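I opened my notebook for a fresh look at a structure I had not met before. Here it is, so that you can follow along.

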Amino acid sequence: MNKLILASSSVYRRALLDKLQLPYECISPDIDESAHPDEHAEDLVRRLALEKARAIARTTPNALIIGSDQVAVLDGEIISKPLGRDKARAQLLRASGRSLRFVTGLCLLNSNSQHSQIDAIDFRVHFRTLSEQQIDRYLDKEEPYECAGSFKAEGLGIALFERLEGDDPNSLIGLPLIRLVRMLENAGVQVL
């Protein structure tokens, strides 16, 4: 098997990939993650997942490289990571009682052949109607300022939801494992 590399510094993606019990390395890619003008969410996450994998492939032969990127979308608008309390609070107030769509791009790139498998996976989060006090208490406890959508679904953020909708709950956290297993198998890696 080629060496397996996760092109990410995310502890959440690492924890997800650990579930597959495969040996791998993590290397953080250094790319510009800005959206292009009028770029749709699916196109953005596919492009960034591929760019992350390619950035690692340039210096890493004999590897299968996993790239992933995620955005949240509300009313057709891409919602960025809040990076602070005020923006997180505003995002959660806006999402209260509504649905937020997450689009996760996934790429598996063979660094020798440059063959890539790329997909975009949708997942929807339906929020409960939340009071300002509930949002403030949540932000006090979890501080999800580095998370798309301003919550951590793997933590207390689950209490914000009415229901979840999608094929792979791992995609909400940033790495769609069901699709990744198929990609790995297509590349000759048997997970089971």
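These are my entries on one helix, the nonpolar cores and some aromatic rings.

**Entry one: helix α1.** I kept in mind that this is a predicted model. I looked up helix α1, residues 11-18, and found R13, L16 and L17 as its buried residues. Down the helix axis they fall within an arc of 95°, so they line one face of α1. Next I checked what covers them: the list includes β1, α2, β3, α5 and α6. At the N-terminal end of α1 I found S10 as a cap, with a side-chain oxygen 3.2 Å from the backbone nitrogen of Y12.

**Entry two: the cores.** The largest nonpolar core has 22 residues, and L100, F102, V125, F127, F151 and L160 touch the most other members. Two or more residues of this core come from each of β3, α3, β5, β6 and α4. I followed up L100, whose contacts farther than four places away in sequence include A72, I79, F123 and G149. I also noted a second, separate core of 19 residues, with L180, V181, L184 and V191 among them.

**Entry three: the rings.** How many aromatic pairs does a search of the whole structure find? I got 4. In one of them, F102 and F151 have ring centres 5.5 Å apart and planes at 80°, so I wrote down edge-to-face. F102 sits in strand β5 and F151 in the loop between α4 and β7, 49 residues apart. F127 and F161 also pair edge-to-face, at 5.5 Å and 85°. F127 belongs to strand β6 and F161 to strand β7, so this pair ties together parts 34 residues apart in sequence. My last note: ring pairs link F102, F127, F151 and F161 into a cluster.

Terms used. Residues are numbered from 1 along each chain as its sequence is written. This is a predicted model: local features need pLDDT of at least 70, side-chain atom pairs count only at pLDDT 80 or more; totals for chains, interfaces and linings use all residues. Side-chain values use heavy atoms; hydrogens and water are left out. Buried means under 20% relative accessible area, exposed over 50%, partly exposed in between (1.4 Å probe, protein chains only). Helices (H or I, at least four residues) and strands (E, at least two) are DSSP runs, numbered from the N terminus. The arc is that of the directions from the helix axis to the C-beta atoms. Contact means heavy atoms within 4.5 Å. A polar contact is a pair of N or O atoms within 3.5 Å; within protein, one must be able to donate a hydrogen and the other to accept it, and residues adjacent in sequence count only if both atoms are side-chain atoms. A nonpolar core is a set of buried Ala, Val, Leu, Ile, Met, Phe, Trp, Tyr and Cys residues joined through side-chain atoms within 4.5 Å. Rings of Phe, Tyr and Trp (its six-membered ring) pair if their centres lie within 6.5 Å; planes under 30 degrees apart count as stacked, over 60 as edge-to-face and the rest as tilted.
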